[in-house]
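Here are a few exercises to work through with the model open beside you. Try each task yourself before you read its solution.

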Amino acid sequence: FGYFTSLVHRNKIVNTCRALDVTAHEAGHACLDTFKPYYFETNALQTGGFHESFGDMTAEYFLWNNQRIVKILLAQTRGDLSSRSNFLSSLGEYFGAEIGMSQLRDAQENITLSRAGDEVHDVSRVYTSAQYDSLVKGIEQAKKMGLKIDEAQICMDVANYQQKLLLGGILCDTESSPDFQSISSSVVSFWEMDYKNAAVKAYARNIDWKTIMVNEFAKNEVY
């Protein structure tokens, strides 16, 4: 994972492996390399950007799978996951603090593709933001279903299902160097195919994912 000398604290060596989101991000790269090895070999900007986004989303999903963390998140945000940055949407706080930043990236940035620049980490923010906003919309819709389920569990179930959609879309995509639009279309198509899967918890599956994803992906110019 590497290390560097802090730009903020004199003579401090920063070991990036001490940050959970960094290690989860790098694990995400490794997983995606296993599924789609050609993604890493291309020079296509959006494919590289998706690789970085997948790493960030892996770090986020890791936290969404921890009920204690989700309960703390809901308490801190009072259940409002979209109005301001939170510790789950903020990525790379430990790393960022040592180079004079509050974090490396924020999933709530709401940046469009046309404004993202031409570096893979910058471009990655566009897809990560679209996915985070889609997840929040999915959680909000599930919470309106009148479910007699703990709110944290709803968040976890919806996040788990969205992760399944993302992985399914990636596996179904046939491009060796896909752009964001190709991946987004594959994810939407996978939900249409998976909709009748009885093994999935009904309320997570029955969220109107197609409308949510198309709207949020289009807003960020990735659909």
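**Exercise 1. Find out how far apart in sequence the contacting residues of the chain are.**

Step 1: Call it a contact when heavy atoms are within 4.5 Å. Step 2: Keep the contacts between residues at least 6 apart in sequence; of these, 65% join residues at least 24 apart.

Before going on, a word on the ground rules. This is a predicted model, so local features need pLDDT of at least 70 and side-chain atom pairs count only at pLDDT 80 or more, while totals for chains, interfaces and linings use all residues. Residues are numbered from 1 along each chain as its sequence is written, and side-chain values use heavy atoms, with hydrogens and water left out.

**Exercise 2. List the helices and strands in order.**

Step 1: Take the DSSP runs, numbered from the N terminus: helices are H or I with at least four residues, strands are E with at least two. Step 2: Count nine helices and four strands. Step 3: Read them off from the N terminus: β-β-α-α-α-β-α-β-α-α-α-α-α.

**Exercise 3. Work out which parts of the chain the salt bridge between D150 and K71 ties together.**

Step 1: Look for a side-chain nitrogen of Lys or Arg within 4 Å of a carboxyl oxygen of Asp or Glu, which is what a salt bridge means here. The whole structure has ten of them. Step 2: Check the pair: the closest N and O atoms of D150 and K71 are 3.3 Å apart. Step 3: Place both ends. D150 sits in the loop between helix 5 (120–143) and helix 6 (151–172), and K71 is in helix 3 (residues 67–77), so the bridge joins parts 79 residues apart in sequence. Step 4: Look at the cover, where buried is under 20% relative accessible area, exposed is over 50% and partly exposed is in between (1.4 Å probe, protein chains only). D150, at 37%, is partly exposed, and K71, at 40%, is partly exposed too.

**Exercise 4. Trace the salt bridges of K219 with D133 and E216.**

Step 1: Start with D133, whose closest approach to K219 is 3.4 Å between N and O atoms. This pair links distant parts of the chain, K219 in helix 9 (residues 209–219) and D133 in helix 5, 86 residues apart. Step 2: Turn to E216, where the N–O gap to K219 is 2.8 Å. Both residues lie in helix 9, three residues apart, about one turn of the helix. Step 3: Compare the cover. K219 is partly exposed at 41%, whereas D133 is buried at 8% and E216 is buried at 7%. Step 4: Put the network together: D133, K137, E216 and K219 are linked by salt bridges.
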